[in-house]
Amino acid sequence: MKAIVLLLVLLFLQSCAINQKVNGERVGRWVYRTKIEDKDNEVVRGRYDNKGFQKGVWRYRYNGKLYKKQQFKDSIAYTTYYHPNGKIAERGQTKLVYTASSLHYFYFGSWFIYDTKEHLTYVRHYEFGQLKHETKLQR
């Protein structure tokens, strides 16, 4: 009985490991860190699927503050950028298209741009990563 419990505990601990690779591909939970002035800073946190592609929620930090968050669903990422004061700066969608020979990551659809008080100031429309038009909103 003790052997079964020990085996289950070891299996659980192995599944909670971070920054793992399987067959050279990143899988599971990943945390990227950097050392700046002898301080260990968490920079990026998220998960990879079994094929090595990002999935779920990814959070990006700079100087301890959240500056970008992405929610991945299939090949689309719902992306939000933040001002240093924590208010939303931009919100839109990005897409990852992969073929046999390449990967292409680009903005698409409408992106909403906000000032530091979170008032909508611009709407930009992208097609395959190219800005097609921009509308400035009057206050």
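Q: Two strands pair if DSSP finds at least two bridges between them; which residue of strand 6 stands opposite Q70?
A: This is a predicted model, where local features need pLDDT of at least 70, side-chain atom pairs count only at pLDDT 80 or more, and totals for chains, interfaces and linings use all residues. Residues are numbered from 1 along each chain as its sequence is written, and side-chain values use heavy atoms, leaving out hydrogens and water. Strands are DSSP runs (E, at least two residues), numbered from the N terminus, and strand 5 (residues 65–73) runs antiparallel to strand 6 (residues 76–82) over six bridges. Across that pairing, Q70 faces T79.

Q: Which residue shares a 3.5 Å side-chain polar contact with T94?
A: T94 sits in strand 7 (residues 88–98). A polar contact is a pair of N or O atoms within 3.5 Å, one able to donate a hydrogen and the other to accept it within protein; residues adjacent in sequence count only if both atoms are side-chain atoms. Here the partner of T94 is T79.

Q: Is T94 buried or exposed?
A: Buried means under 20% relative accessible area, exposed over 50%, and partly exposed in between (1.4 Å probe, protein chains only). T94 has just 1% relative accessibility, so it counts as buried.

Q: Which residue takes a positive phi near 55 degrees in the hairpin of strand 4 and strand 5?
A: Strand 4 and strand 5 pair in the antiparallel sense, with seven bridges. Among the facing residues, V57 stands opposite Q71. Two residues lie between the strands of this hairpin, and the positive phi belongs to N63.

Note on methods:
Helix = DSSP H or I, 4+ residues; strand = E, 2+ residues; numbered from the N terminus. Pairing = 2+ DSSP bridges.
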